[in-house]
Amino acid sequence: MSVELKFSRSNRIYRPSEALEGKIVVKTHSSISHYGIRLTVKGSVNLQVRGGSAGVVESFYGAIKPIPIVNRTIEVKPSGKIGSGTSEIPFSLNLRQRDENLERFYETFHGTDISIQYLATVDISRGYLHKSLSATTEFIVESDKADLLQRPLSPEMVIFYITQDTQRHPLLPEIKSGGFRVTGKISTQCSLSGPINGELTVEASAVPIQTIDLQLFRVESILLGDKIVTETSLVQTTQIADGDVCRNLTLPIYVILPRLLTCPTTLAGPFSIEFKVAIVISFQSELSKLHKKSDPKTPRLWLAMETLPLELVRTK
């Protein structure tokens with residue numbers, strides 16, 4: 001005996017102005033009686049402050065209430081019987097209602113301290129003598145078309161250059177004295193359905209280069225009392241070059257954004273979700289071999305980097 005939720009769309013992506021539709025699939029070996037089949041949709045922003053966050057007293061850990069977005073229950077079918085075999089029961093539920101005063105719909109996002117999640121749960125009540133049947137499935141919410149950016153994204157790119165003099169952390173003596181220069185340009189406003197575009201050129205480097213990577217970071221901030229707790233974490237690393245690349249050769253930057261781990265840049269009252277990119281140059285060094293699993297947020301003696309803010313938007 002089992003119950004399963006199947007949405008009308010295989011990618012499970014819906015917009016707030018649309019109806020959530022699908023089928024409740026019930027499989028039983030014999031017919032069963034029930035006291036109603038109900039579908040509940042819940043959406044919320046879940047906030048947590050983990051231990052070790054700077055300036056936060058321990059009593060505040062995990063003490064933040066979720067921000068409700070939607071909480072609605074409908075009766076799909078009144079009391080009755082479900083026949084043996086496989087039964088498919090259709091359902092339809094409007095996500096947004098005009099008289100609703102809860103928070104606006106934020107896009108689905110799975111972060112370290114902030115999680116925006118939408119869940120659909122079906123419950124088949126069978127009375128006190130039998131265990132109720134239930135199943136929960138996550139669906140994904142994206143912005144309404146009316147809320148999308150109307151104007152085209154700016155084609156302008158930010159020009160950057162990386163040298164030994166632009167680094168705010170200490171470098172190995174041979175890297176500092178020998179010098180290096182990497183220049184390029186990169187887009188700092190990107191569509192979630194498109195790539196991060198750009199290019200870079202290694203103009204000079206006395207020490208051989210090991211790799212050049214582009215790192216995507218999320219910056220999650222939570223308002224906690226009169227303080228703002230900010231946590232920066234690595235989302236993904238994409239290798240741009242491997243080995244000591246040719247000098248004055250233009251290398252393309254083309255990075256696809258992960259779906260559930262990114263969302264439009266969001267600046268809400270109690271929380272914010274922002275992003276940034278870092279171009280990281282790793283030089284060949286014996287010291288780097290001893291620290292292969294170093295924290296990507298911590299500058300190292302054999303690394304040079306440039307960090308830039310990245311605005312993510314949902315476009316048509």
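Trainee: Let's start with E142: in which loop does E142 lie?

Mentor: Happy to start there, and keep in mind that this is a predicted model. Two strands flank the residue: β11 covers 133-141 and β12 covers 158-163. E142 therefore has its place in the loop between β11 and β12.

Trainee: Is E142 buried or exposed?

Mentor: The cut-off helps here: a residue is buried when its relative accessible area is under 20%. E142 has a relative accessibility of 11%, so the residue counts as buried.

Trainee: Which residues is E142 in contact with, leaving aside neighbours within four places in sequence?

Mentor: Contact here is a matter of heavy atoms within 4.5 Å. With those sequence neighbours set aside, the partners of E142 are I13, Y14, R15, P16, E107 and R314.

Trainee: And which residues line the largest cavity?

Mentor: Good follow-up, as E142 belongs to that lining. The structure holds one cavity of 30 Å³ or more, and the largest cavity has a volume of about 60 Å³. Its lining consists of E107, T108, I140, V141, E142, R259, L260, T262 and R314.

Trainee: Over to P208: is it buried, partly exposed or exposed?

Mentor: P208 sits in the loop between β15 (195-205) and β16 (209-224). Partly exposed is the class between 20% and 50% relative accessible area. P208 has 33%, so the residue is partly exposed.

Trainee: How far apart in space are P208 and V245, C-alpha to C-alpha?

Mentor: In sequence, 37 residues separate the two. P208 also touches D244, F283 and Q284, not counting residues up to four places away in sequence. From C-alpha to C-alpha, the distance between P208 and V245 is 8.4 Å.

Trainee: Now the open sheet: which are its edge strands?

Mentor: Three strands form this sheet in the order β1-β3-β8, with antiparallel pairing. An edge strand pairs on one side only, and that picks out β1 (2-7) and β8 (85-94).

Trainee: Which residue of β8 is the bridge partner of K23?

Mentor: Strand β3 spans residues 19-28 and runs antiparallel to β8. Ten bridges join these two strands. For K23, the bridge partner in β8 is P90.

Trainee: Last one: what share of the residues is buried in the protein?

Mentor: For the wider picture, the protein has two helices and 21 strands. Among contacts between residues at least 6 apart in sequence, 74% join residues at least 24 apart. Of the 316 residues, the buried share is 47%.

Terms used:
Residues are numbered from 1 along each chain as its sequence is written. This is a predicted model: local features need pLDDT of at least 70, side-chain atom pairs count only at pLDDT 80 or more; totals for chains, interfaces and linings use all residues. Side-chain values use heavy atoms; hydrogens and water are left out. Helices (H or I, at least four residues) and strands (E, at least two) are DSSP runs, numbered from the N terminus. Buried means under 20% relative accessible area, exposed over 50%, partly exposed in between (1.4 Å probe, protein chains only). Two strands pair if DSSP finds at least two bridges between them. On a 1 Å grid over the protein atoms alone, a cavity is a set of points where a 1.4 Å probe fits but cannot get out, and a pocket is an open set with protein on both sides within 12 Å along at least five of seven lines; lining residues have an atom within 4 Å of a point. Grid points are joined across faces, edges and corners, and a volume is the space filled by probe spheres set on the points.
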